[in-house]
Every structure is written in structure tokens, then in C-alpha cells.
Amino acid sequence: MEKYTKPDIWQWQQPNEERSGNRPTAGARFEQTLPVGEAPHQVYSLGTPNGIKVAIMFEELKALDIQDAAYDLYQISIGNGDQFGTDFVSINPNSKIPALVDYSTQTPLRIFESGSILLYLAEKFQQFIPQDIAGRTETLNWVFWQTGAGPYIGGGFGHFFHYAPYDMEYPIDRFTMETKRQLDLLDQLLSKRDYIAGDTYTIADMMIWPWYGRLVQGQLYDGSDKFLAVEQYQHLNRWAEQIRQRPAVQRALEVPYQSL
């Protein structure tokens, strides 16, 4: 492999005129009108780990028979570039799923980033987040941990292990090391408590399970469970299966997405 030499100034060498292609610029690329259903919450998402978080939250709220938690779920095909349409960008200027619009407020309210969406819904419905300061803070510790740590799993390990055009030893070693460190961190944590933030199921579990629970259960990248020797994380595996068995979680994994 030819050694790469960094230029003094980086320039984009592979312009892609397709609306779904990566570019070093932000913003809308085409005119778009997103559908709006009758439910108070309109979710524009995809069944990726980050998208699954929001579906889990809504299904858990529905399991509590909270009628005001109804939602319509629309598929944003990131492979087709739906996230770069004008309507979607007006909801999330960062062009990432999931995105939510709450029409039950006096003025429709946009919420983007999965952690922000789960926290918003938890506070709106007073569910899945402790009300005492210590419990709330511990829950948010792990919510924000996931938002910071998760990119090492997806954009780091997942990319170079599964999506990169060829295997590269240095990034695979680097991100595998960090991934296993994070798995060990969670395993140690869950050796002392039933759920991520303590003895109660919270939005912290909903944030972390779609990435780390599904990773150790072999649901993210083919062969990664063997590569990472995930069987050694027995407490994490116990928790992952415990969350997977929740009826609302199972419904969230199967919920149909409406087309745009």
C-alpha cells in the first residue's frame, strides 16, 4: 500500500454530485416536502442504532398507556440522501437521523439528536428519568457518555471493521482497543447494578442498548461478536438480553416505517 503524505491544505478530491454523497459542506441539496401525519409526534428516522432509541422510547411510553405519546414514523433513507432535503434540514440542520417534530405544543417544536429527543420525551411525560437529583444526574451521566463514546463504535470500529473498502491494521487496532475498553467499562458497571443508572430502567438503557447491547449480541456488524470475544462480558450480556426481552423493545425493532 502506498504511503499517504498529508498535504499542507486538504482539498476534496472526489466530488460527488449525487444527493446522497458525502461532502465537506452542510445544508439542503434539494427541495423536499415531508409528510405530516395525525399523531402529535412526527418522527423522521431509520432503523439504525440511533433511530432505534427513539422507537424504543415511544413504544415504552405506549406500553404505559400514555395516549398523548402517539407518533407517526417515517423512513429517512440515508442511502438516497433524504436527510439532505429542505424539510428535513429545517428540522435537523446537521442532516442526521433521528429527528422529531412535536405538534402538540403551541408552536411546533423541533428536536434533533437522539439524546435530546429521549430527554425531551422523558421530561415531557415524566417517565424513565428519576426525579431525585442524584438519580437524574446519574442517568444523564450515562446518556451523555453514550453520545460521546458511541462514535468510536460506529464511525470508528464499525467503519473500519465492516464498511471500509479494505482492511487497515492501525485504525482497526486503535478502535478495537477502545471498543473493548468501553465494553469492559459497561461490564464492570453492570456487575454492581441491574440497569445502567441503577436499579431502575431509564433512558440511559434506551440510549446504550441499541449500540452496545446489539453489538455483543452480534446484531451490528457480521463477525464482530467473535472478533471482540464478547462472551467475556457476562454482566453486559445479561443486561443486553434483559433489555431485548422487553415487549416494547421488541415492538420497536419491528415497527414499520412509512415511506415519504
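Mentor: In this predicted model, Ala99 has Phe112 of strand E4 as its bridge partner.

Trainee: What makes E3 and E4 count as paired strands?

Mentor: Pairing requires at least two bridges found by DSSP between two strands, and four bridges join E3, residues 99–102, to E4; the criterion is therefore met, and the two strands run antiparallel.

Trainee: Why are E2 and E4 said to stand at the edges of the sheet?

Mentor: The open sheet has four strands in the order E2-E1-E3-E4, with mixed pairing. Strand E2 (71–75) and strand E4 (109–112) each have a single partner strand, so one side of each is left without a neighbour in the sheet. From one strand to the next, the twist averages 20°.

Trainee: Which strands does helix H3 touch where it packs on the sheet?

Mentor: Helix H3, residues 114–125, touches strand E1 (41–45), E3 and E4, and the direction of the helix makes about 130° with that of E4.

Trainee: Turning to Pro35, why is this residue called partly exposed, rather than buried or exposed?

Mentor: Buried means under 20% relative accessible area and exposed means over 50%; Pro35 has a relative accessible area of 22%, so the residue falls in between and is called partly exposed.

Trainee: Where does Pro35 lie in the chain, and with which residues beyond its neighbours within four places in sequence is it in contact?

Mentor: Pro35 is placed in the segment before E1, and, with those sequence neighbours left aside, Pro35 is in contact with Gln42, Tyr44, Tyr74, Ser259 and Leu260. Asp87 lies 52 residues from Pro35 in sequence, while their C-alpha atoms are 9.6 Å apart in space.

Terms used:
Residues are numbered from 1 along each chain as its sequence is written. This is a predicted model: local features need pLDDT of at least 70, side-chain atom pairs count only at pLDDT 80 or more; totals for chains, interfaces and linings use all residues. Side-chain values use heavy atoms; hydrogens and water are left out. Axes are lines fitted to C-alpha atoms, for helices over the stretch in contact, and angles run from 0 to 180 degrees between N-to-C directions. Contact means heavy atoms within 4.5 Å. Buried means under 20% relative accessible area, exposed over 50%, partly exposed in between (1.4 Å probe, protein chains only).
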